[in-house]
Amino acid sequence: MPEQYSRRSFFSGVLATGTFTAATFYLMPGGRRPPSVELTLATGADPTGARDLLISIWNRNNPQTVVRVETIAVGSGDERQIMLEKARQGSADLLNLDIIDVPEFADQKLIVALPLGDNGPLLPSLRGIHRVGTDDSHYWAVPFNTDVGMLFARTDGDAEPSGPPPSLPELLDAVPDGSQQFIGQLRPSVSAYYEAFVVNVLEHAAAQRPGVLKPVDDSTAGAAAERVSEDLDLWRSALTPLREAIGTGRVLTSGDEADSRDRFAAPGSPARYMRNWPVKYRELQQLGNPDVRTGRVRVDQLTVGVLGGQSLAVVARSPYADRARAFIDFVTSDDAQKILAMHGLAPTSIAAYNDPNLRAAVPHLGAIRAAVEQALPRPAHRNYRRFSDVVKEHVEQFLYQGTDLGPRFIDEMLTALD
């Protein structure tokens with residue numbers, strides 16, 4: 001199906017349906033409208049345009065509750081710090097948080113617990129990530145979009161490959177030495193990109209030795225440290241094949257996801273495989289990449305992916321919590337999630353993945369759903385950023401400087417999650 005036709009026809013259907021409306025009416029006693037207010041949404045940049053489209057629809061239909069976006073485009077770590085200050089000062093009403101930062105904001109009582117809205121069900125893997133204790137009806141933040149690592153493969157385009165995609169260990173074993181056929185975010189250059197490196201490391205390690213990062217279950221849901229293996233030998237064996245693959249030139253390392261995309265798309269690039277987020281396929285389309293245009297790039301799930309995404313929270317000091325919750329209900333509704341998917345983001349609602357028109361427009365949507373449902377969440381904790389720093393510091397030295405992983409690596413990881 002031609003992309004232009006599929007996008008236009010899908011948007012026309014979604015925007016025309018009576019179920020997709022941003023109109024919300026607040027009436028005071030006596031039938032009077034409340035005074036107009038402006039909600040401030042603090043968020044990182046959104047190059048897809050999906051968030052801005054949804055906000056423009058909301059603002060057109062809700063002139064009494066206009067949402068103003070305050071974009072913080074300074075990188076993940078600094079973005080978190082700025083949002084912390086805004087929440088403490090009460091200078092924002094809504095925060096679009098990276099899912100790894102929600103526990104810290106909740107622990108500091110900077111955001112409020114939210115009841116579940118009337119939207120359709122979330123994907124099962126998302127239902128417990130921001131839950132308030134064991135209460136299934138309240139969340140510290142509502143997932144806005146999810147994310148998960150995917151395997152991009154440049155093919156010959158002659159025939160559909162048979163069988164499941166290779167695991168990361170299988171792929172690296174098959175890539176010839178010196179070929180740099182696999183590209184991943186495995187060489188951090190500045191602090192803003194450390195988390196991309198950490199996520200890639202966890203995906204490779206867990207694919208090689210699943211026990212290094214345990215899945216969430218009832219016994220580990222509230223105990224981040226119990227999800228991280230204390231077995232130093234297990235971590236060494238999980239990461240040694242990656243070090244060898246980098247050392248023998250099988251891996252083309254990059255600093256971040258955009259750098260990976262550009263290296264994969266460059267004319268004459270040796271890379272046949274790339275680990276990246278789902279939205280990078282849409283970006284390759286927009287760049288007019290010839291391999292994407294002619295169907296020679298497939299997107300499959302990794303056998304072990306790490307969960308990402310952003311979630312919307314209401315600032316505790318906001319005087320407009322009810323209106324902020326109504327906005328969150330709108331942008332996380334099934335039809336809003338379908339619009340996110342058409343812009344290349346991974347939706348959170350089951351309905352978006354089941355929509356036949358959307359599945360026709362985004363052929364790998366089923367692979368994204370399978371990847372999200374099987375993804376490993378990172379160990380959620382108020383000190384997660386310290387855990388991330390520890391992994392970056394020790395593993396980068398292990399991969400590139402020949403330094404062995406020592407007991408301090410385990411001790412510092414578990415201390416961060418204590």
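**Exercise 1. State the handedness of the crossing of α16 and α17 in this predicted model, and describe how the two helices pack.**

Solution.
- Step 1. α16 and α17 cross in the left-handed sense.
- Step 2. Two packed helices are described by the angle between their axes and the distance between the axes.
- Step 3. Helix α16 covers residues 384–400 and helix α17 covers residues 407–416; their packing angle is about 165°, and their axes lie 8 Å apart.
- Step 4. An angle over 145 degrees counts as roughly antiparallel, so α16 is roughly antiparallel to α17.

**Exercise 2. Find the residues through which α16 and α17 meet, and sort them by character.**

Solution.
- Step 1. On the α16 side, the residues are R386, F387, V390, V391, E393, H394 and V395.
- Step 2. On the α17 side, they are R408, F409, E412, M413 and A416.
- Step 3. Sorting the residues of this contact gives seven nonpolar, one polar and four charged.

**Exercise 3. Decide whether L358 is buried or exposed, and place it in the chain.**

Solution.
- Step 1. L358 belongs to helix α14, residues 356–361.
- Step 2. The relative accessibility of L358 is 0%, and buried means under 20%, so L358 counts as buried.
- Step 3. A341 is 17 residues away from L358 along the chain, and their C-alpha atoms are 7.8 Å apart.

**Exercise 4. Describe the protein as a whole by its helices, strands, burial and contacts.**

Solution.
- Step 1. There are 17 helices and 13 strands in the protein.
- Step 2. The protein has 418 residues, of which 52% count as buried.
- Step 3. Among contacts with a separation of 6 or more, 73% join residues 24 or more positions apart.
- Step 4. About 17,600 Å² of the protein is exposed, with 49% of it supplied by carbon and sulfur atoms.

Key
Residues numbered from 1 in each chain as written. Predicted model: local features only at pLDDT ≥ 70, side-chain atom pairs only at ≥ 80, totals over all residues. Heavy atoms only, no water. Helix = DSSP H or I, 4+ residues; strand = E, 2+ residues; numbered from the N terminus. Buried < 20%, exposed > 50% of the residue type's maximum accessible area, 1.4 Å probe, protein only. Axes fitted to C-alpha atoms, helices over the stretch in contact; angles between N-to-C directions. Parallel < 35°, antiparallel > 145°, perpendicular 65-115°, else oblique. Left-handed = near helix turned anticlockwise from the far one by under 90°. Contact = heavy atoms within 4.5 Å. Nonpolar A, V, L, I, M, F, W, Y, C, P; charged D, E, K, R; others polar. Areas by Shrake-Rupley, 256 points an atom, 1.4 Å probe, with all protein chains shown as cover.
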